[in-house]
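Open the model in your viewer and keep the selection panel at hand. This tour goes stop by stop, with something to select at each one.

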Amino acid sequence: IDLAIEPAIDTLPASFRWGVATSAYQIEGAVDEDGRGPSIWDTYCRVPGMVHNGDNGDVACDHYHRMPEDVALISSLGVDTYRFSVAWPRVQPDGRGPVNPKGLAFYDRLVDELLGKGVDPWVTLYHWDLPQELEDAGGWPVRDTAYRFADYSMMVFDALSDRVRTWTTLNEPWCSAMLGYYEGRQAPGRQDFTAAIHAVHHLLLGHGLALGRMREAATPPTEFGITLNMGHASPATDSEADREAARRADGLSRRIYLDPLLRGHYPEDVVADLAKRLVEIPVRDGDLEIISQPIDVLGVNYYSSSKHSGVAEDGAVADEDGHPVDRVVRFGKPVTAMDWEIVPEGFTDLLVQLSREYPGVPMVITENGAAFEDRPDESGFVRDDDRTAYLDSHIAAVAKARQAGADVRGYFAWSLMDNFEWSYGYDKRFGIVHVDYETQVRTPKRSALWYRDVIRRVRGS
Ligand code: GBH
């Protein structure tokens, strides 16, 4: 295929790590098989009005039954790494108690299949599918969940660490905490700000407890990390109010995770903002030491960036509850099918900012990609020039950040294939491979062919 690429991409090193990513609930299906227990997503999908079209992950891409075929597909794309998540409710159906050997065996087979095809497995231990029983006991706002996560993590680690080199504890704790417990736009669908802030701390504590135990049991060259979703938050104007709004948004979405992880304390301005809302982070003695153990890699998921204003359209600086206004202001750029603005410069800015504020931490882009309205032709082929252009400009943005000093070591496209896009159901397609949900036929889109060629070219092979 015609390989027009942004020139910056050619500056990436041959050793750069290339991958595709998925998550368990979004692709596996088979929710009642081999002793899997229910997760908060099984429950949430059944609450009327929560998921577009009443969709759910019962079948999804049927990956649980088509895994060998999917691994062959992954290998055909020429990537060196596959990032997938392990479903906690498969491995430990109630979130506590004994391991479910049949559930764990699926990931054992997956890892062997990948290695057999020369693809490196990258495990994410938690991508949002909390066992329902733990939610019934209070979920992430409750401290005990952090200890349960560490126990579960060790079950997976014991089974796979002889073959899996890279481990991510959590995917996007911001989404788990804020979308799950405050905005209610994701499972479990609660709307309680205090609960969400408690969830932030217990997610981080769970990360640290799991990391400590895995590290102790690990032999080199095992690497550990966490993945955060981030954008570059900037003020809409240079006014004090807008700069403050950007600071608050950045604090609550990015620094409230990065500071405890990489500096060993919560950011003072965020703690002060929370105190004004009468919310305290439930830190106990010793927690921050656990949370701030060194990581080997920071996973960065990037989709978009945002501009912030502290002044509402009507001129107000506080909302009905007296909280300061944070209004997201559009750049006026083209958007994806998610209505997210396409801001590759923000990606470069974010990575450079991270490398300056938190030096010495290697980064890997664990997700980046876009949903567009795909129109397959008669043969099922999708000529997704829009998605290809998105990947091109964003991979180039990574290369530019590297040139500016950011230590980025790899890039994973989100996603391997179209899948269950959470509250958007199957309506939004992020895959570089098209999935026909009636036949489960997978067809690489133009973006997949383009991606394969980019990898070949950068590798020089
Ligand atoms: C990821 O979440 C998930 O890890 C993955 O499972 C999911 O399928 C994928 O992304 C696609 O959604 O309002 O323009 O500022 C990403 C979640 C996306 C949340 C961007 C914040 C802000 C966009 N984030 N979003 S914007």
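Buried means a relative accessible area under 20%, exposed means over 50%, and partly exposed lies in between, with a 1.4 Å probe and protein chains only. The model is predicted: local features need pLDDT of at least 70, side-chain atom pairs count only at pLDDT 80 or more, and totals for chains, interfaces and linings use all residues. Residues are numbered from 1 along each chain as its sequence is written, and side-chain values use heavy atoms, with hydrogens and water left out.

**Stop 1: the ligand**

Select the ligand and show what surrounds it. How many residues surround the ligand? There are 15, and the closest are Gln-26, His-127, Glu-172, Glu-421 and Trp-422. A residue is near the ligand here if one of its heavy atoms lies within 4 Å of it. Colour the shell by residue class: eight are nonpolar, four polar and three charged. Ala, Val, Leu, Ile, Met, Phe, Trp, Tyr, Cys and Pro count as nonpolar, Asp, Glu, Lys and Arg as charged, and the others, Gly among them, as polar.

Now draw distances from the ligand oxygens. An N or O atom in the Gln-26 side chain is 2.8 Å from a ligand oxygen. The side chain of His-127 also places an N or O atom 2.8 Å from an oxygen of the ligand. For Trp-422, the side-chain N or O atom is again 2.8 Å from a ligand oxygen. Taken alone, the ligand exposes 580 Å², and the protein buries 80% of that. These areas come from the Shrake-Rupley method with a 1.4 Å probe; for residues, only the protein chains shown count as cover.

**Stop 2: the annotated sites**

Select Gln-26, His-127, Asn-171, Tyr-303, Trp-414, Glu-421 and Trp-422. An unreviewed UniProt entry lists them under "binding site". UniProt positions follow the numbering used here, feature names are shortened, and annotations may be inferred rather than shown by experiment.

Centre on Glu-421. It sits in the loop between β11 (408-414) and β12 (433-436). Helices (H or I, at least four residues) and strands (E, at least two) are DSSP runs, numbered from the N terminus. Is Glu-421 buried or exposed? It is buried, with a relative accessible area of 8%.

Next, select Glu-172 and Glu-367, where the unreviewed UniProt entry places "active site". They are spread over 196 residues of sequence yet cluster in space, with a largest C-alpha distance of 10.5 Å. Glu-172 lies in the loop between β4 (166-171) and α8 (173-182). Its relative accessible area is 5%, so Glu-172 counts as buried.

**Stop 3: the cysteines**

How many disulfides does the structure hold? Zero. A disulfide is counted when two cysteine sulfur atoms lie within 2.5 Å. Select Cys-45: the closest cysteine sulfur, in Cys-61, is 14 Å from its own, too far for a bond. Cys-45 is buried at 7% relative accessible area. Move to Cys-175. Its sulfur is 16 Å from the closest cysteine sulfur, in Cys-45, again too far for a bond. Cys-175 is buried too, at 5% relative accessibility.

**Stop 4: two loop residues**

Select Arg-165, in the loop between α7 (144-160) and β4. At 31% relative accessibility, Arg-165 is partly exposed. Add Ala-218: the two are 53 residues apart in sequence and 9.7 Å apart C-alpha to C-alpha.

Finish at Ser-304, in the loop between β7 (297-302) and β8 (306-309). Ser-304 counts as buried, at 18% relative accessibility. A polar atom of its side chain lies 2.8 Å from the backbone oxygen of Glu-341. A polar contact is a pair of N or O atoms within 3.5 Å; within protein, one must be able to donate a hydrogen and the other to accept it, and residues adjacent in sequence count only if both atoms are side-chain atoms.
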